[in-house]
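Q: I have a two-chain model open and want to go through its cavities, pockets and interface. Can you take me through it?

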Amino acid sequence: MEVFIAQLLNGLSLGSMYVLLVLGFNLMLLVAKIIQFAYPHLVVLSMYVCWGMLKYTSNVFLVILASIGSCIAINIATEPIFRLLAKRHGLDINVSFVVSMSMTLVITDIMSHLLNYGFPIAFPSKWIGKSVIGFGLITFSSGQAYALFGGIAAVLAFFYLLYRTRQGRVLRAISENSLLSSIIGIPTIKTRVISYAIAGLLGGLTAIMLSKMLGSASPALGDFVGMKIIATSIVAGLGNLKGGLVCGLLLGITESMAIGYLPGSWSNAISFMMMLIVMLIKPEGLFGIKA
Amino acid sequence: MLRVEDIFVSYGPIKALENININVNAGETVALIGANGAGKTTLLKAIMGIQKVSAGKIIFLGEEITNVGTDKIANRGLGLIPEGHLVFSTMTVLENLQLGSYNNPNCFNDNLESVFESFPILHKRINQIAGTLSGGEQQMLSIARSLMAKPKLIIVDEPSLGLAPKVIGEIFNILRGLNKKGYTILLAEQKAKKALEFVDRAYVMEIGKIVLHGPAQELISNPKVHNAYLGSKI
């Protein structure tokens with residue numbers, strides 16, 4: 001039972017990280033009509049920023065500000081590239097997919113050549129925090145607690161913004177019909193930039209919480225997380241935010257349970273096997289495509 | 001109020017509009033009539049900045065709006081009610097109206113009251129998802145949404161498209177009422193008879209050109225118009 005509770009908490013905190021990334025990814029898909037494959041890589045890059053800042057300052061506030069700020073800034077910096085592409089090719093999701101894929105290679109290369117000589121980075125133990133619950137190999141650290149509560153708060157805030165505020169209404173309007181939105185006077189370019197900023201904010205928060213939760217990062221982490229984010233989004237139904245919420249949490253819990261109860265590291269094999277089965281039965285995703 | 005001077009629009013090598021000149025004065029109702037493919041919608045799209053204009057000028061309230069962004073044109077007071085009663089179908093009636101008042105959220109409550117006065121049915125359905133409304137109700141919502149922005153000129157594209165005859169009558173009554181309240185209306189309509197009964201003046205379009213224009217009464221009695229658009233000979 002203790003194992004179950006610990007792994008459930010682990011799963012929820014891991015799952016809420018997936019949810020945040022799936023939400024950011026889907027927001028850009030819905031509003032800006034792009035597949036930003038490099039989004040998880042940007043998040044890993046801001047984990048590197050967080051790690052770099054921790055070397056120079058012990059001011060937690062400054063560290064958080066720098067990593068979130070860098071994620072927002074870099075994400076917004078990609079917007080003109082996608083806007084230019086849209087001008088030449090129309091809003092073509094496939095083109096954005098190929099271009100963002102090349103962005104992942106550039107970002108991964110930067111991390112593996114220029115940062116920490118390509119070695120994985122480890123966050124100081126002070127940053128990760130002490131173990132709160134421990135049963136042999138299974139632990140729940142205070143960093144994971146931060147991730148759990150921070151993740152839930154961020155998800156709630158995101159849905160509040162989207163469904164209860166004027167800005168959220170505008171974002172939803174553009175995602176449904178961008179031409180009609182501009183006809184009624186909504187500035188589409190400005191709103192798209194805002195969607196990049198919100199996705200950047202979600203990514204930056206995730207970077208902080210992931211660094212506390214995992215305690216380390218490597219250049220390959222972006223590919224690893226990216227694959228799961230894309231797969232989860234497709235399984236949930238592309239562009240389906242509520243579906244992303246459920247499936248992100250499910251993925252996190254499935255992985256932790258597999259780690260908790262099965263020998264060896266079968267967690268990835270099991271979660272991707274489940275995704276394969278879902279796609280065979282429901283090709284449009286569990287909750288239906290909304291993009 | 002709105003002046004279109006010698007505009008040309010082309011889709012690649014195909015000339016969609018050639019040498020179009022129209023003007024709309026404050027308080028008037030003006031129609032563009034013509035068959036499917038005559039270029040009515042293209043002209044409206046050009047005015048709204050949705051379709052790029054290759055030559056010519058569009059002037060609204062003394063300012064040139066040729067090839068300006070659509071949202072900027074809308075915020076200057078041009079309210080397009082697009083064809084096919086377009087609404088944000090996943091959102092509620094209220095949310096649609098809130099979006100309509102994007103550029104002047106301060107007058108939201110006053111505008112909402114006056115819109116509900118003209119469209120009591122929308123008041124009843126205020127929390128209903130717009131996609132579940134009937135075609136006529138969606139068209140009303142589409143008109144109401146554009147009124148929320150207090151436009152100076154209302155442009156209506158094919159308001160009768162896909163609606164039952166009885167509903168079409170209701171929609172035209174609503175437009176008539178809006179004109180009485182002082183709204184200027186530019187209307188593009190295939191159903192020439194309906195349109196000519198409603199407007200002061202009209203332009204007749206054929207394959208991208210304006211072939212005739214004049215007061216509606218004159219056009220109704222013009223044998224050419226009668227044969228081509230009104231279906232019976234005089």
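Q: Start with the largest cavity. How does its lining split by class?
A: The lining of the largest cavity has six nonpolar, three polar and one charged residues. The classes are fixed: Ala, Val, Leu, Ile, Met, Phe, Trp, Tyr, Cys and Pro are nonpolar, Asp, Glu, Lys and Arg are charged, and the others, Gly among them, are polar.

Q: Before more, what kind of model is this, and what are the ground rules?
A: This is a predicted model, where local features need pLDDT of at least 70 and side-chain atom pairs count only at pLDDT 80 or more, while totals for chains, interfaces and linings use all residues. Residues are numbered from 1 along each chain as its sequence is written, chains are lettered from A and ligands numbered from 1 in the order in which they are written, and side-chain values use heavy atoms, with hydrogens and water left out.

Q: OK. Which residues line that largest cavity?
A: From chain A, A:Ile183 and A:Ile184. From chain B, B:Ala74, B:Leu78, B:Gly79, B:Leu80, B:Gly100, B:Arg145, B:Ser146 and B:Ala149.

Q: How much space lies in it, and what counts as a cavity?
A: About 70 Å³ lies in the largest cavity. On a 1 Å grid over the protein atoms alone, a cavity is a set of points where a 1.4 Å probe fits but cannot get out; a pocket is an open set with protein on both sides within 12 Å along at least five of seven lines, and lining residues have an atom within 4 Å of a point. Points are joined across faces, edges and corners, and the volume is the space filled by probe spheres set on them.

Q: How many cavities of 30 Å³ or more does the structure hold?
A: One.

Q: Which element gives the largest share of the cavity lining?
A: Strand 6 of chain B, with three residues. Strand 6 spans 78–81, and helix 6 (135–147) of chain B also supplies at least two. Helices (H or I, at least four residues) and strands (E, at least two) are DSSP runs, numbered from the N terminus.

Q: Switch to the interface. How much do chain A and chain B bury?
A: About 1800 Å² between them, 64% of it on carbon and sulfur atoms. Buried area is the accessible area (1.4 Å probe) that two parts lose on being put together, summed over both.

Q: Which three residues supply the most on chain A?
A: A:Glu176, A:Ile183 and A:Ile184, with 33% of the area that chain A buries against chain B. A:Ile183 and A:Ile184 also line the largest cavity.

Q: How many residues does the contact take from each chain?
A: 17 from chain A and 21 from chain B. Contact means heavy atoms within 4.5 Å.

Q: How many salt bridges cross it?
A: One. A:Arg172 pairs with B:Glu95 at 2.7 Å, N to O. The rule wants a side-chain nitrogen of Lys or Arg within 4 Å of a carboxyl oxygen of Asp or Glu.

Q: Which elements of chain A give two or more residues to that side?
A: Helix 8 (166–176) and helix 9. Helix 8 gives the most, six residues.

Q: Now pockets. How much space lies in the largest?
A: About 970 Å³. Its lining has 31 residues, and those closest to the centre are A:Arg83, A:Lys87, A:Thr188, A:Ile189 and A:Arg192.

Q: Which helix gives the most to that lining?
A: Helix 4 of chain A, with seven residues. Chain B takes part too: its helix 2 (70–75) supplies at least two.

Q: And the second largest pocket, how much space is there?
A: About 670 Å³. Among the residues closest to its centre are A:Leu14, A:Met213 and A:Glu255. Helix 1 of chain A gives the largest share of the lining, six residues.

Q: What does A:Glu255 form a salt bridge with?
A: A:Lys228, with the closest N and O atoms 2.9 Å apart. A:Glu255 sits in helix 12 and A:Lys228 in helix 11 of chain A, 27 residues apart.
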